[in-house]
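Me: I would like to learn how to read the features of a model, one at a time. Please give the general idea, then the case at hand.

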Amino acid sequence: MKKVGAGSFFAPGHDKVAEAALLAVEYGSSVAQLLHGHGYGPGHSVSARALSDGVWRQCPSCDYVGAPASIANHTKKAHSVPVAEQS
């Protein structure tokens, strides 16, 4: 058994194993079924809810939405201005 750090519940990577097991047991390994089981689907977007609840943000330059860290990564990749090559 691996030790975990203070405040941790899972050894590294084991949270994803537990997530996959839960998805398999409760929703037949289907994210669509998970969303449907919680009332989301066409006409009721979980992304729109995350945005309206303030837990996700929208990129100020486009329609991309995500967690603040995702917005930062997205902005660096999608909206960075390439530095001109020096001669």
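Me: What follows α1, and what is the sign of its phi?

Reply: Helices (H or I, at least four residues) and strands (E, at least two) are DSSP runs, numbered from the N terminus. Here α1 is followed by Gly-28, whose phi is positive, near 60°. Ser-29 also has a phi near 60°, a positive value in a residue other than glycine. Ser-29 sits in the loop between α1 and α2 (31-37).

Me: What should I know about the origin of these values?

Reply: The model is predicted: local features need pLDDT of at least 70, side-chain atom pairs count only at pLDDT 80 or more, and totals for chains, interfaces and linings use all residues. Residues are numbered from 1 along each chain as its sequence is written, and side-chain values use heavy atoms, with hydrogens and water left out.

Me: In what order do the elements of the protein chain run?

Reply: From the N terminus on, the order is α-α-α-β-β-α. The protein chain has four helices and two strands.

Me: How does the reach of α1 compare with the expected value?

Reply: The expected span of a helix is 1.5 Å times one less than its number of residues. α1 has 14 residues and reaches 19 Å from its first C-alpha to its last, close to the expected 20 Å at 1.5 Å a residue.

Me: How many salt bridges does the structure hold?

Reply: Side chains of opposite charge can pair when their charged atoms come close. The term requires a side-chain nitrogen of Lys or Arg within 4 Å of a carboxyl oxygen of Asp or Glu. The structure holds two. In one of them, the side chains of Lys-16 and Glu-19 meet at 3.3 Å, N to O. The side chains of Asp-53 and Arg-49 also meet in a salt bridge, at 2.8 Å, N to O.

Me: Where do Lys-16 and Glu-19 lie?

Reply: Both are in helix α1 (residues 14-27), three residues apart, about one turn of the helix.

Me: Which class of accessibility does each of the paired residues fall into?

Reply: Buried means under 20% relative accessible area, exposed over 50%, and partly exposed in between (1.4 Å probe, protein chains only). Lys-16 is exposed because its relative accessible area is 53%. Glu-19, with 46%, is partly exposed. Asp-53 counts as partly exposed at 45%, and Arg-49 counts as partly exposed at 41%.

Me: Is His-74 buried or exposed?

Reply: His-74 counts as buried because its relative accessibility is 14%. His-74 is found in helix α4 (residues 68-78). Contact means heavy atoms within 4.5 Å. Leaving aside its neighbours within four places in sequence, His-74 is in contact with Cys-59, Cys-62, Tyr-64 and His-79.

Me: Why do Cys-59 and Cys-62 not form a bond?

Reply: A disulfide is a pair of cysteine sulfur atoms within 2.5 Å. The sulfur of Cys-59 is 3.8 Å from its closest cysteine sulfur, in Cys-62, so the two are too far apart for a bond. By this rule the count comes to zero disulfides. Cys-59 counts as buried at 3% relative accessibility, whereas Cys-62 is partly exposed with a relative accessible area of 26%.

Me: What separates the C-alpha atoms of Ala-78 and Ser-61?

Reply: They are separated by 9.5 Å, with the two residues 17 apart along the chain. Ala-78 lies in helix α4 and counts as partly exposed at 45% relative accessibility.

Me: Which totals describe the protein chain?

Reply: Of the 87 residues of the protein chain, 9% count as buried. Among its contacts with a separation of 6 or more, residues 24 or more positions apart account for 0%. Accessible areas come from the Shrake-Rupley method with a 1.4 Å probe; for residues, only the protein chains shown count as cover. The accessible surface of the protein chain comes to about 7200 Å², and 59% of that belongs to carbon and sulfur atoms.
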